[in-house]
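Visitor: Got a few minutes to walk me through this one? I'd like to ask things as they come up.

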Amino acid sequence: MWLFWLIGSLALALLVGVVSLQVPAPAGTDAPATAFSAERAMADVRELAQRPHPVGSADHTRVRLFLQQRMTDLGLQVSTQTGPISRGSARYLRRMGGDPEAAGFTATNLVGVLPGRNPALPAVVLMAHYDTVPMSAGAADDSAGVAAALETVRAIQARGPADRTLVVLFTDAEEIGLDGARIFWGGHPLRDRIGAVINLEARGGGGRAMMFETGRGNAETIALFGDAGVGADGGVTANSLAGFVYERMPNGTDFTIPKDRGVQGLNLAFIGRPDQYHAASTPDALDRGAVQHIGSQALESADALARADTLPAATANTVYADLFGRVIVSHPPAAGWGLLGLALVLLGVAAWRARARAGLTLADVGRGALDGLWFVAAGLVLTQAVRTLAGPMSGRAESTEAYYTLLGRLPWMEAGAALTVLALVMAVLGGRGRPDRRVTALALAAAAVLALVLGGFGNLVVIGAAVVAIGLSLLPGVAPRTVWGGWTGLIALVLAIGLAAQAAAPETAFLFLWPGLLAAAVAALASLIDPGLTRIRSLAPIGVAAAVGVAWVIGLAHPVFLGIGMDLPGVLVLLGLLALMLVRPLSPERGAVRPWLMAALAVLVLGAGVSAWARIAAPMPAEPPAAEGT
């Protein structure tokens, strides 16, 4: 019976998770005038992305003049703003093959104003950059954002006059140092009249558009975005973990500049099809569903802001995440303590009932937690080893071309890491302590050496994880002896991690507290219905909860890996821990352990092979021949 519920719940989770990651169908040119149409926007993308148009190029001038005319045709009051690019930006442009001298070392912003019925109200800005890198036509980055902004303005006008003024800001020199944004926010007369910003970006050529950054103190902004997103085609993808991580990354977008000035707003981008980032990003290669998704969210959000009685103010940060791309759930950071307390109470009920009716002991709960710790430690080692089979870490890439090649390999890296995590889940479910402990420890040691040799010996995380994983592999008697021990131990471990996250970074704690609360609630229910976990009436709610929870994890895992997985593949291990916790009570029966473990080994080998295949699927560019006489 376990096999039915385990495979059934995982299959349903995969189906729902994959469906939640799909982009909406692109609307055609016959879409209602008040709706966003990707096909209407694509007409502008095709004009803009004929060729690369970096600062200083002839095509840069062509694109600027075209946009000035398009903005005028839309009824905007159009002006330009020029300012100097920095020395660092000029050097960077020159290194990429551009010509800052041809631009007179200046950047030119395009500013279009659609006056509102009450010009005294703070205005709303739609922002995107119109320059590209010298080696890409930039259909995605950022012609799609520019075209989406133009289509958004047209649709808002079709909906009728709004009270607030809408400013369309097409910045220049974003690709070389955010200079256009600095020029506008550093001294444009409209700067101090802006109350909210929507920035449109891309790091790839498709996939769902994610709202990955807001202004600081974002509770009111998220409330408005959550309401507006209901009407967007394809719903919304957003969570406070992305915002927390992005703010701590060294890179930025044009939105960084107004954010640092305390302006509220939304930063949206799609990051799928990473091989197109700063590469072969042409209109034909661009995912029209991605254009529909980012444009529809921009339209609904900009329209809501333009017609709002009051704009969102900077208050307190909120914890938020979307559920299957359809709705955003949010709560104050302090509410995390209440969720943690409730989960602990429910876990206590489950443990009390299992102790009285199923022989659960505190020692076995501890063994279950150690099983989870082994999973995390072994996963960090193995995912890093499998990831390095696909090529060097980005920090060790020898050239810009090598970095872009690694981006092209990212889907293979993701598949390899995901299969590795799946293999570890299967190993724990099958009884990872049953094979010879020395063989397991030796395999982990070999994987650690591989990860360090190929990925760099300075990775202290891999070294520490290897020590823990090998030590737990060799230690006898630490595998849980009951299903309840393994399950409650994992829930306790996840809640302990949630406690640490709640104390250190509450915006990230939902990742552990929400699934932990779900698992604890189902455990309490199952313990009251059937502590033996043998009847359908107890297995059914476990299977349903596993399907729902794992589907949510899958929907979260894909954008997370695209964002940071190239150098931190172990992030999938933490998400895999959540999935393991939810399916743990569906462990295989004793007679199926050996084939289950053999299957886990086969999945691990497959994951390593998929990752290694990336070197063949996306080979590194050949080194240019050395000039004679050098």
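**A buried charge and other local details**

Guide: Let's start with E414, which is buried (under 20% relative accessible area; exposed is over 50%, partly exposed in between, with a 1.4 Å probe and protein chains only) but has no salt bridge, its nearest side chain of opposite charge being R203, 9.4 Å away. A salt bridge here is a side-chain nitrogen of Lys or Arg within 4 Å of a carboxyl oxygen of Asp or Glu. For charges, Lys and Arg count as positive and Asp and Glu as negative, while His and the chain ends are not counted.

Visitor: Before we go on, what kind of model is this?

Guide: This is a predicted model, in which local features need pLDDT of at least 70 and side-chain atom pairs count only at pLDDT 80 or more, while totals for chains, interfaces and linings use all residues. Residues are numbered from 1 along each chain as its sequence is written, and side-chain values use heavy atoms, with hydrogens and water left out.

Visitor: OK, back to E414. Where does it lie, and what does it touch?

Guide: E414 lies in helix α14, residues 410–430. Helices (H or I, at least four residues) and strands (E, at least two) are DSSP runs, numbered from the N terminus. Not counting residues up to four places away in sequence, E414 touches H558, F561, L562 and L572. Contact means heavy atoms within 4.5 Å.

Visitor: And S9, buried or exposed?

Guide: S9 is buried, at a relative accessible area of 5%. It sits in helix α1, residues 2–20. Leaving out residues up to four places away in sequence, S9 touches F4, G543, A546, A547 and L586.

Visitor: What about Q68, which helix is that in?

Guide: Q68 is in helix α3, which covers residues 58–73. With a relative accessible area of 22%, Q68 is partly exposed. Apart from neighbours within four places in sequence, Q68 is in contact with V78, T80 and L110. The C-alpha atoms of Q68 and V78 are separated by 6.8 Å, and the two residues are 10 apart along the chain.

Visitor: Switching to charge pairs. How many salt bridges does the structure hold?

Guide: The structure holds 20 salt bridges. One of them joins the side chains of D44 and R70, at 2.8 Å from N to O. That pair links distant parts of the chain, with D44 in helix α2 (residues 38–48) and R70 in helix α3, 26 residues apart. D44 counts as buried at 6% relative accessibility, whereas R70 is partly exposed at 21%.

Visitor: Any pairs inside a single helix? Say, where do D364 and R367 lie?

Guide: D364 and R367 both lie in helix α12 (residues 362–388), 3 residues apart, about one turn of the helix. They form a salt bridge whose closest N and O atoms are 3.1 Å apart, and both D364 and R367 are buried. R182 also has a salt bridge, with D179, and there the closest N and O atoms are 3.8 Å apart. R182 and D179 are 3 residues apart in helix α6, so about one helical turn separates them. R182 counts as partly exposed at 44% relative accessibility, and D179 as buried at 5%.

Visitor: Which residues are linked in a network?

Guide: E213, R216, E247, K259 and D260 are linked in a network of salt bridges.

Visitor: Now backbone oddities. What kind of peptide bond joins D141 and D142?

Guide: A cis one, with omega at about 10°. D142 lies in helix α5, residues 139–158. Most residues other than glycine have a negative phi, and most peptide bonds are trans.

Visitor: So who has a positive phi?

Guide: L178 has one of about 65° without being a glycine, and H278, also not a glycine, has one of about 55°. L178 is found in the loop between β4 (166–171) and α6 (179–187), while H278 lies in the loop between β7 (264–272) and α10 (288–306). L178 is buried at 11% relative accessible area, and H278 counts as buried at 7% relative accessibility.

Visitor: Zooming out, how many helices and strands does the protein have?

Guide: The protein has 21 helices and 9 strands. Of its 630 residues, 57% count as buried. Along the principal axes, the C-alpha trace spans about 75 × 70 × 40 Å.
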